[in-house]
Protein chains: 2
Amino acid sequence: MKTPTLEDVAARAGVSTATVSRCLNAPEKVVERTRLRVMEAVRDLGYAPNFSARALAEKRTRTIGAVIPTMENAIFAEGLQAFQDVLQGGGYTLLIASSGYDPKVEEDQIRTLVARGAEGLLLVGYDRAPAIAAFLEAQNVPSVIAWAHDTTQPGCSVGFDNRAAMRALVTHALELGHRRVAMISAPLQGNDRARERHAGVLAALKERGLELEAMVETPYDLEGGGEALQQVLRDKPETTLVVCGNDVLAAGALEGARIIGLDVPADISITGFDDIALARIVRPALATVRVPHRDMGEAAARAVVSLVETGRAENRILEAQMCLRASLGTPKRPS
Amino acid sequence: MKTPTLEDVAARAGVSTATVSRCLNAPEKVVERTRLRVMEAVRDLGYAPNFSARALAEKRTRTIGAVIPTMENAIFAEGLQAFQDVLQGGGYTLLIASSGYDPKVEEDQIRTLVARGAEGLLLVGYDRAPAIAAFLEAQNVPSVIAWAHDTTQPGCSVGFDNRAAMRALVTHALELGHRRVAMISAPLQGNDRARERHAGVLAALKERGLELEAMVETPYDLEGGGEALQQVLRDKPETTLVVCGNDVLAAGALEGARIIGLDVPADISITGFDDIALARIVRPALATVRVPHRDMGEAAARAVVSLVETGRAENRILEAQMCLRASLGTPKRPS
DNA sequence: GTGAAAGCGCTAACAG
DNA sequence: CTGTTAGCGCTTTCAC
């Protein structure tokens, strides 16, 4: 009881395989009478085309690959969902891989996806061994970079300016009177989004002739944020603002502040980045930067498809807006 | 400048395509001297096998599909990640689709995945049109059901007993003295996990001769939980315990309680389900049920692979443990 | 408008 | 151990 093939359908409908193929792919090329007969045979047999065979004959897989740092993060999940929706609408299938923030793993996954026939790739950020770009070039697999945007880099990107967004947030905080600022971030190594955000903090400070009081790099989870905050305030008790590289760290920091009995924002202000649902549910709610996940995912999908189909696509830079909430307040004693 | 094929490699190495194929798939069947020569040609040409061609010839895609309700939920994301890790280790590729909790979409995705060559499927829960099982049967595509477990249902499942877990949690709450209990749940329609949890609540109550004070079904998000809580306490102000079908609703309910000025757990206790990171970060921390996401994902992956390769796999039921935290306390005025 | 036939790139007997 | 030879199921000229 094997699955029916084009030939089976052709036999049952009394036509050639070519005609069946046409009915399925270009119905207008077949006269209605025959088409109806063929479609009936298709239904009767419960025929479903074999994708591998089609891909082989057509020399197209209609598959797009995506390598993201992790699925266990609302920001990528939401963007990816939008990405997937658009792709599916365009008749493409999405192959997802996650690297766990490990460059080696990422390289592996990229190769695997290409081997699997990915015609285009969605990648996060720019930090990547140069050999990879060369490989993709050689394999003629286009890619779009999302969640970041660097005009100095070649290649198509659909993202936002991490540095500018963070800079705007910190500038606003400085206007509130903050002068002693510390930062908690995911490891900068191999993560250009984190580095850009860090650079944004420094830029805002520098503009006012200030320097960062302390910078703590910590694993990307709630616990990390909590411990980092405690460390910061132990070392630099004068700090009035702790800028976090993302909402998860910020939520953890909030908890850390609670543990050492500090009131947010009265004693200390804390900010995040990403505006995931968590940012709204914690108390006080997190001041953060809203990243347009969905828009980015959709735009990225359109870009990859365009790249695959026409060989070109436009860069697209989205707006990441400051999102002020209760965790950022006026410092107690502006210096 | 087309990508090199097996034939190109064969020509360059001065052997037949069969030998090259062997070098790649069963190196031990080729003598070292030839193998080295072939491998060199492979490297020189930057040869990468064509998956579609291989799948077509082998009549195997080494692809597994998964349809989950949504990616934007930590619980599925984590389980899926584990699922993916195991599959990849076994040389399989994962195709992910999400249904947005829409049965029609789910059916579509299942058909798409099968058409795409999925050799096995991971599905969430049992609620599904019977036609789908028939279709999978006909296509000879095995599936494993995760995130639920129902011994009365046929098919392989890797999950946990939603009803028993919820029942245990509520029974514990009743022992603390709660008598007026309400529930907030995601819509029960088409969601057997939600129904089972609901049944668990009812069972625990019945054992004590009690009934549910109120039952609110609401969309699955923070806002829904908040509004539902306010509604419950407006209608049944005597309620001392609000059991939520999942942590997200519970976190929303916590916020709802804060809005109407109720202290948790002094005035009202609230419980969740899933034990996602959110449960630990909100205040008070959520009493909930810990679901073994990772274990489930891994076990499910092993089960699908076994099903695909040997045609059989064992059911696997995991432990979902009660997880007591501050949001569940003794009622003020046990009746 | 429809059919015949030649591949797409690879694997898997079967010989040698 | 290695080469020869059929396909796998589908698309796509090129004739009719």
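How many residues of chain A are in contact with chain B? I began with this, keeping in mind that the model is a predicted one, and I noted that 34 residues of chain A are in contact with 36 residues of chain B.

I then looked up which elements form the side of chain A that touches chain B, and found that α4 (51-58), α5 (74-89), β2 (93-98), α7 (130-139), α11 (247-259) and α12 (277-281) of chain A each supply at least two residues. Sorted by class, this side of chain A has 20 nonpolar, nine polar and five charged residues.

Next I superposed the copies: a turn of 179° with a shift of 0.0 Å along the axis lays chain A on chain B with an RMSD of 0.1 Å, which means that the two are related by a two-fold axis. In chain A, the C-alpha nearest the axis belongs to S52(A), at 2.2 Å. I also noted that the same surface serves both copies, since 100% of the contact residues of chain A recur in chain B.

Turning to DNA strand C, I counted 25 residues around the strand, the closest being A18(A), L6(B), S21(B), A53(B) and A57(B). Two or more residues of this surface come from each of α2 (17-25) and α4 of chain A, and likewise from each of α2 (17-25) and α4 (51-58) of chain B. The surface near DNA strand C divides into 13 nonpolar, nine polar and three charged residues.

Last, I looked at the domains of chain A, which are domain 1 (6-49), domain 2 (61-161 + 292-319) and domain 3 (162-290). I recorded 62 Å between the C-alpha centres of domain 1 of chain A and domain 3 of chain A.

How values were computed:
Residues are numbered from 1 along each chain as its sequence is written. Chains are lettered from A and ligands numbered from 1 in the order in which they are written. This is a predicted model: local features need pLDDT of at least 70, side-chain atom pairs count only at pLDDT 80 or more; totals for chains, interfaces and linings use all residues. Domain bounds come from an automatic or database domain assignment. Two residues are in contact if their C-beta atoms, placed from the backbone, lie within 7 Å. Helices (H or I, at least four residues) and strands (E, at least two) are DSSP runs, numbered from the N terminus. Ala, Val, Leu, Ile, Met, Phe, Trp, Tyr, Cys and Pro count as nonpolar, Asp, Glu, Lys and Arg as charged, and the others, Gly among them, as polar. Copies are superposed by least squares on the C-alpha atoms of residues with pLDDT of at least 70 in both. A residue is near a molecule or strand if its C-beta atom, placed from the backbone, lies within 6 Å of it.
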